[in-house]
Amino acid sequence: MHIHLYQYTQFLSLLVAILCYEGLCKYKLSAFLPMLVIVNLIEVTGANYRALGYIPWLSNHAIYNLNLLLETPFRLYLMGQMLRMRSNERLTFRGIAFLCMLVILLNYLFLQGPFVFNTFSLILIQILTIVLSCFILLRLALREDIRPNLWQDPYFWVNAGLLLFALITLVILGLQQYMQDHKVMLGGKSLYKAIMPLPNFILYLGYSYAFILCRIPKARSLLSS
């Protein structure tokens, strides 16, 4: 079985989520557990799909397209929880989330299809992630009661990691055609494969640290305001 180095941080974040599940529930982050199960299963399958034998529809792109379909609802749900919205804001957010998932599903079924990597969907997800992460971080920064302890806030680490990951992913995707045309390589690898493990490390280590903070009694609770 082939395992990429960055996947060990994904395994770690899943393990920490299991160990800190009670704390995740208190912070309304319990959906991380099924989301990380999906991510780990898809990443392992994607890295070893050739070893599964010849299946006509099975390809690396087809597997990772499933990740866009299955992980995104959990991500949107979690970000909705962290936004702590009022009733009118919640209605708007649900409408945006529904439209986002509809576009992803239509792209998967009819536009780019299940066998070509769904770059349109990925770009949409990352743009929405950037916007929502900025809103969450801004709300945290503007709250007078938590500003001194921002570094102890699980929501901060989750969204800082998501924001960085989404920004780097967008930049790499934007340069993808240029890199293919000019055969830009780094260490004998495509720039995408050479660079993307780093934001993955940061994202899943950020998740793990956030989960640990959910278990620490002295960490400031976001549920009290």
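The following paragraphs lead from the overall fold of this protein to its core, its aromatic rings and one of its helices.

The structure is a predicted model. The protein contains ten helices and two strands. Along the sequence these elements follow the pattern α-α-α-α-α-α-α-α-β-β-α-α. Of the 225 residues in the protein, 45% are buried. The accessible surface amounts to about 12400 Å², and carbon and sulfur atoms account for 70% of this surface. Contacts also show how the chain is folded upon itself: among those between residues at least 6 apart in sequence, 76% join residues at least 24 apart.

The interior may be considered next. The largest nonpolar core has 51 residues, and those that touch the most other members are Leu29, Phe32, Met82, Tyr207 and Phe211. Several helices contribute to this core: helix H1 (7–19), H3, H4, H5, H6, helix H7 (154–174) and H10 each supply at least two residues. The greatest contribution comes from H7, which gives nine residues. Leu29 illustrates how such a residue is surrounded. When neighbours within four places in sequence are left aside, Leu29 is in contact with Leu24, Leu78, Met82, Tyr155 and Cys214. Another core, of five residues, lies apart from the largest one, and its members include Tyr6, Ile38, Ile63 and Tyr64.

Aromatic rings form a further set of links. The protein has ten aromatic pairs. One of them joins Phe32 and Phe211, whose ring centres are 5.1 Å apart and whose planes meet at 65°. An angle over 60 degrees counts as edge-to-face, and this pair is accordingly described in that way. What does the pair tie together? Phe32 belongs to helix H3 (residues 32–47) and Phe211 to helix H10 (residues 197–215), so the pair connects parts that are 179 residues apart in sequence. Both partners are buried: Phe32 has a relative accessible area of 2%, and Phe211 has one of 0%. A second edge-to-face pair is formed by Phe156 and Trp157, with 5.4 Å between centres and 85° between planes. Here Phe156 is buried, at 14% relative accessibility, whereas Trp157 is partly exposed, at 25%. Ring pairs also link Phe32, Tyr204, Tyr207 and Phe211 into a cluster.

Helix H5 allows a closer examination of a single element. This helix comprises 23 residues (residues 87–109); at 1.5 Å a residue it should span 33 Å, and its end C-alpha atoms are indeed 33 Å apart. The buried residues of H5 are Phe93, Ala97, Cys100, Met101, Ile104, Asn107 and Tyr108. Why might buried positions recur at such intervals along a helix? An α-helix has 3.6 residues a turn, so residues three or four places apart point the same way. The buried residues of H5 pack against helix H4 (60–83) and helix H6 (119–142).

Within H5, Asn107 deserves separate attention. Is Asn107 buried or exposed? Asn107 is buried, with a relative accessible area of 2%. Its side chain makes a polar contact of 2.9 Å with the side chain of Ser121. Residues up to four places away in sequence not being counted, Asn107 touches Gln112, Gly113, Asn118, Phe120 and Ser121.

Methods: Residues numbered from 1 in each chain as written. Predicted model: local features only at pLDDT ≥ 70, side-chain atom pairs only at ≥ 80, totals over all residues. Heavy atoms only, no water. Phe/Tyr/Trp six-rings, centres within 6.5 Å; stacked < 30°, edge-to-face > 60°. Helix = DSSP H or I, 4+ residues; strand = E, 2+ residues; numbered from the N terminus. Buried < 20%, exposed > 50% of the residue type's maximum accessible area, 1.4 Å probe, protein only. Expected span 1.5 Å × (residues − 1). Contact = heavy atoms within 4.5 Å. Core = buried A, V, L, I, M, F, W, Y, C linked by side-chain atoms within 4.5 Å. Areas by Shrake-Rupley, 256 points an atom, 1.4 Å probe, with all protein chains shown as cover. Polar contact = N/O pair within 3.5 Å; in protein donor to acceptor, adjacent residues only side chain to side chain.
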